[in-house]
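Q: Please take a close look at one part of this model, the aromatic pairing and its surroundings. Set it against the rest of the chain, and say where confidence runs out.

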Amino acid sequence: MANHFDLEEQEQIDQIKHFWQRWGTLITAVVVVVAGSYAGWNGYQYWQNRQANQAAGLLDEVDAAAIANDAQRVQMAFDDMKSRYAGTAQAGQAGLTAAKVLMDAKNVDGAKAALEWVGTQAKYDGQKSLARLRLASLLMEQKAYPEALKQLEGTVQPEFSAAFADRRGDALALQGNSAAAVAEYQKAYATLEKRSSYRQVIEAKLNALGAKVQVASTESTGSTQ
C-alpha cells in the first residue's frame with residue numbers, strides 16, 4: 001500500500017517537473033514583469049506625490065509673495081515652479097497668480113508670458129481656459145483684437161462657453177463688427193442659466209448695439225407657464 005502511494009506521489013512530482021520544464025521560464029518571466037510593473041507603478045505614484053507636495057510648498061511661496069505685492073519674488077518663484085514642477089496642478093495656479101501680480105505691477109509683458117504658459121502648458125483644461133480668457137482681455141486692452149480672438153478660438157468646457165462667447169463679442173464690437181458681435185452675445189445669453197445675473201450684462205451689451213435678446217422658443221414657452 002505504501003508503495004502504491006509512493007508511486008502516485010512520484011508521478012505527481014514527475015508531472016510537476018515536466019510542467020515546470022516546459023512552462024517555468026515563461027511563468028517566471030511573467031511574474032518578473034508583473035512585479036516590475038507593480039513596483040514601477042508604486043514608484044511613479046510616490047514620485048508624483050512627492051512632486052505635488054514640493055510644488056505645494058513652492059505655491060505657498062508664490063502666494064506669500066503675491067500677498068506682499070512683491071512682483072519680483074513672484075516671478076522668481078513662478079520661474080522655479082515651471083522649471084521643476086511644470087506638470088503639476090500647482091504650476092498652473094501659480095501662473096494665474098503670477099500674471100495678476102505682474103499685471104498690477106504694470107509688468108504687462110511678464111503677465112502675458114505667464115498667461116501664455118498657463119494657456120498651453122497647464123495640467124488642467126480649466127486652468128488653460130481661464131488663462132486664455134484673461135490673456136484675451138489683456139490683449140484687448142492693448143487693442144490687439146485679432147490676437148485676442150485667436151485666444152478665444154476652439155472648443156472649451158461647457159462652464160466656460162458663455163464667457164468665451166461674451167469675450168469674442170467684446171473683441172468683435174471693439175473692431176467695429178457689430179453684426180458678428182451681436183451673434184456672439186446671443187450665444188452667450190442662450191448658454192447662461194435663466195437666473196444668471198450675467199444675462200443682464202449681456203442684454204445691456206446687445207441693447208448698446210441696437211439689438212434685442214433672441215429668446216429660444218423652448219425658453220419662451222417655459223417662461224409663460
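A: pLDDT is the predictor's confidence in each residue, from 0 to 100. Contact means heavy atoms within 4.5 Å. Both terms matter here, as this is a predicted model.

Start with confidence. The protein averages a pLDDT of 81, and 72% of the residues score at least 70. Two stretches fall well outside that group. Over residues 35–47 pLDDT stays under 50, and the model has zero contacts there beyond four places in sequence. Over residues 220–225 pLDDT also stays under 50, with one contact beyond four places in sequence.

Now the aromatic pairing. A pair of aromatic rings is described by the distance of the centres and the angle of the planes. The count comes to one aromatic pair. Its members are Phe78 and Trp117, with ring centres 5.7 Å apart. Their planes stand at 85°, so the pair is edge-to-face; the cut-off for that class is over 60 degrees.

Where do the partners sit? Phe78 belongs to helix H2 (residues 71–85), and Trp117 to helix H4 (residues 108–121). The pair therefore ties together parts that are 39 residues apart in sequence. Burial comes next. Phe78 has a relative accessible area of 1%, so Phe78 is buried. Trp117 is buried too, at 16%, as the cut-off is under 20%.

Next, the loop that leads into H2. Asp70 is placed between helix H1 (2–67) and H2. Asp70 is partly exposed, with a relative accessible area of 29%. Its C-alpha atom is separated by 9.0 Å from that of Leu102, 32 residues away along the chain.

H4 also takes part in the largest pocket. That pocket has a volume of about 180 Å³. Helix H3 (89–104), H4 and helix H5 (125–141) each give two or more residues to the lining. H3 gives the most, with five residues. The lining includes Leu96, Ala99, Lys100, Met103 and Asp104. Also among the lining residues are Ala111, Leu115, Arg134, Ser137, Leu138 and Glu141.

One more ring deserves a look. Arg199 lies over the face of Tyr189, at 4.2 Å from the ring centre.

To recap: the edge-to-face pair of Phe78 and Trp117 links H2 with H4, and H4 also helps to line the largest pocket.

Methods: Residues numbered from 1 in each chain as written. Predicted model: local features only at pLDDT ≥ 70, side-chain atom pairs only at ≥ 80, totals over all residues. Heavy atoms only, no water. Phe/Tyr/Trp six-rings, centres within 6.5 Å; stacked < 30°, edge-to-face > 60°. Helix = DSSP H or I, 4+ residues; strand = E, 2+ residues; numbered from the N terminus. Buried < 20%, exposed > 50% of the residue type's maximum accessible area, 1.4 Å probe, protein only. Lys NZ or Arg CZ within 6 Å of the ring centre and 35° of its normal. 1 Å grid on protein atoms, 1.4 Å probe; cavity = no way out; pocket = protein on both sides within 12 Å on 5 of 7 lines; lining within 4 Å. Points joined across faces, edges and corners; volume = space filled by probe spheres on them.
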